[in-house]
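This report walks through one protein chain, moving from its surface to its interior and its charged pairs. Please keep the sequence and the structure in view while reading.

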Amino acid sequence: MRFGLPLQPQHRIYAAFAIYAFSMGNLFPRLPDIKTAMGVQEGALGLGLIGTPLGTLVSLTVAAPYLERIGFRRALLALIPLVALGYAVASHAPGPLAFFALLFPVGVLLGCVEIILNVEADRTEFLIGRRIMNRAHSFWSIGFFSAGIAGGAIAHLGVSPQLHLALIVPVSMLGVALFLGSYVPSPKREISEDVATPKFARPTGAILVLVSVTLSAMLMEGASLDWSAIYMRSVFEAGPFLAAFAVAVFAFSQATTRFFADSFVDRHSPAAVARTLIVVMTIGIALVYFSPASWVSLVGFALLGIGSGTLFPLAVSAAAQRTDRPAAINVAALTQISFVVFLLGPPLLGFVAEHWGIRASFGIGLPLVVLSFWTAGSLGRKPVHAEPESEAVAKASAHQDAF
């Protein structure tokens, strides 16, 4: 049975990314309050946060064939609300160890959703004949931006993190029902996805090179989302709304960049766009590290959002378009390392913050931007041979009608 709004395949992918990010993103503006309630320092909070990347690593390593077997539709409709529920439960943790234990299953869910959405975005690109990967990820950032604004406003009103995150669960369920109820998975690419799917997503040499492109962006993205609110409170004694606004500024600038990036990539090349934005990210890191005032830090977080916005989506496209293995396996192999850096790096940066100051947690990204700049050529120049718009839409509509 199908329910919900009738949408074009690409619009449904955009909605899925946004709802998913909103469902997970409300935790991060509340981390300062959770840290205070636990009565711990940055290092101990970081230890608790490690539960998420460990769970994500497990699912990204082994989940791809099982998700194909279960079916992307059935899995996605259940997983996104479960992410919101998992974070709501984790917010009740009395200490870092319990926080770790409760975040581990949330990480497993996140890894499964990452596989489904990134593979679906690639298959939808193939179906409609044009790039949507960066724009799809822009809606992930829009979801996080919305979560940052909502989290800041709710924190300013004095609502507890536990009640706040509990309220996100029905919101997530409503969003899934309304925008994903009629979701139909896009057909597999015709080039290589019928190859036997291995149980483990082992990264190849080519995938490891793509991973190296993403490391700086994933670390700085994770650091900005996890620690920017705590940074603003610790360095400038900002109030709850301004602290949460740093998360929103980062997410908004990242969303804007991703929304418009695909046309630039088509006109120039993935490598050229990536290297330009890596320079912007480097400036953002420097501003946050040396910032003398809160407004300078906000500019730095905005530049971090702009600079980090495209590296991961471009690497996902490059991995999915390889013909050596099924797209789901290559995407999972790339994502399991890149996304674990996104999730595992920031908790480990908590120990850096505790011993050398929270500014150092951002400055540590400077060596990685050099690596990303050097390896960005692996993204290559791979233009999309688009069909005429009317033909692409007709084919997409025919696919929907078949279900």
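## A nonpolar patch on the surface

In this predicted model, four residues, Leu82, Leu85, Val89 and Leu102, form a nonpolar patch on the surface, and together they have about 290 Å² of accessible area. Helix H6, which covers residues 72–90, gives the most to this patch, with three residues.

One of the patch residues can be looked at more carefully: Leu85 lies in helix H6, and it counts as partly exposed because its relative accessibility is 39%, a value between the 20% limit for buried and the 50% limit for exposed. A general point about helices helps in reading such a patch: an α-helix has 3.6 residues a turn, so residues three or four places apart point the same way.

## The chain as a whole

How many helices and strands are there in the chain? There are 18 helices and zero strands, and buried residues make up 59% of the 403 residues in the chain. The chain exposes about 14900 Å², of which carbon and sulfur atoms supply 71%.

The contacts can also be described by how far apart the partners are along the sequence. Among the contacts in the chain with a separation of 6 or more, 87% are accounted for by residues 24 or more positions apart.

## Helix H11 and the residues before it

Helix H11 runs over residues 240–267, and its 28 residues reach 42 Å from the first C-alpha to the last, which is close to the 40 Å expected at 1.5 Å a residue. The helix nevertheless has a kink of about 45 degrees, and this kink is centred on Ala261.

In the loop between helix H10 (205–236) and H11 one finds Glu237, whose phi is near 55 degrees, a positive value in a residue other than glycine. For comparison, most residues other than glycine have a negative phi. Glu237 is exposed, with a relative accessible area of 70%.

At the start of H11, a contact with another helix can be followed. His156 is found in helix H8, which covers residues 133–156, and, when residues up to four places away in sequence are not counted, His156 touches Pro240 and Phe241. His156 and Pro240 are 84 residues apart in sequence, yet their C-alpha atoms are 5.7 Å apart in space. Despite these contacts, His156 is exposed, with a relative accessible area of 58%.

## Two buried serines

Is Ser372 buried or exposed? Ser372, which has its place in helix H17 (residues 366–375), is buried, with a relative accessible area of 0%. Leaving aside its neighbours within four places in sequence, Ser372 is in contact with Ser212, Val213, Leu215, Ser216, Ile278 and Leu311.

A second serine, Ser317, has its place in helix H14 (residues 311–320), and Ser317 is also buried, with a relative accessible area of 3%. Its contacts, again without the neighbours within four places in sequence, are with Glu125, Arg131 and Met133.

## Salt bridges

A search of the whole structure finds four salt bridges, and some of them share a residue, since Arg30, Asp33 and Arg233 are linked in a network of salt bridges. Within this network, Asp33 forms a salt bridge with Arg30, in which the closest N and O atoms are 3.1 Å apart. Arg30 counts as buried, at 2% relative accessibility, whereas Asp33 counts as partly exposed, at 22%. Asp33 also forms a salt bridge with Arg233, the closest N and O atoms being 3.7 Å apart. Because Asp33 lies in helix H2 (residues 31–38) and Arg233 in helix H10, this pair ties together parts that are 200 residues apart in sequence. Arg233, at 25% relative accessibility, counts as partly exposed.

Another salt bridge is the one in which the side chains of Arg123 and Glu68 meet, at 2.9 Å from N to O. Arg123 lies in helix H7 (residues 96–128) and Glu68 in helix H5 (residues 64–70), so this pair ties together parts that are 55 residues apart in sequence. Arg123 counts as buried, at 3% relative accessibility, whereas Glu68 counts as partly exposed, at 27%.

Terms used. Residues are numbered from 1 along each chain as its sequence is written. This is a predicted model: local features need pLDDT of at least 70, side-chain atom pairs count only at pLDDT 80 or more; totals for chains, interfaces and linings use all residues. Side-chain values use heavy atoms; hydrogens and water are left out. Helices (H or I, at least four residues) and strands (E, at least two) are DSSP runs, numbered from the N terminus. The expected span of a helix is 1.5 Å times one less than its number of residues. The bend at a residue is the angle between axes fitted to the seven residues ending there and the seven starting there. Buried means under 20% relative accessible area, exposed over 50%, partly exposed in between (1.4 Å probe, protein chains only). Contact means heavy atoms within 4.5 Å. Patches are made of residues with over 30% relative accessible area and no salt bridge: like charges are joined within 9 Å, nonpolar side chains (Val, Leu, Ile, Met, Phe, Trp, Tyr) within 5 Å. Accessible areas come from the Shrake-Rupley method with a 1.4 Å probe; for residues, only the protein chains shown count as cover.
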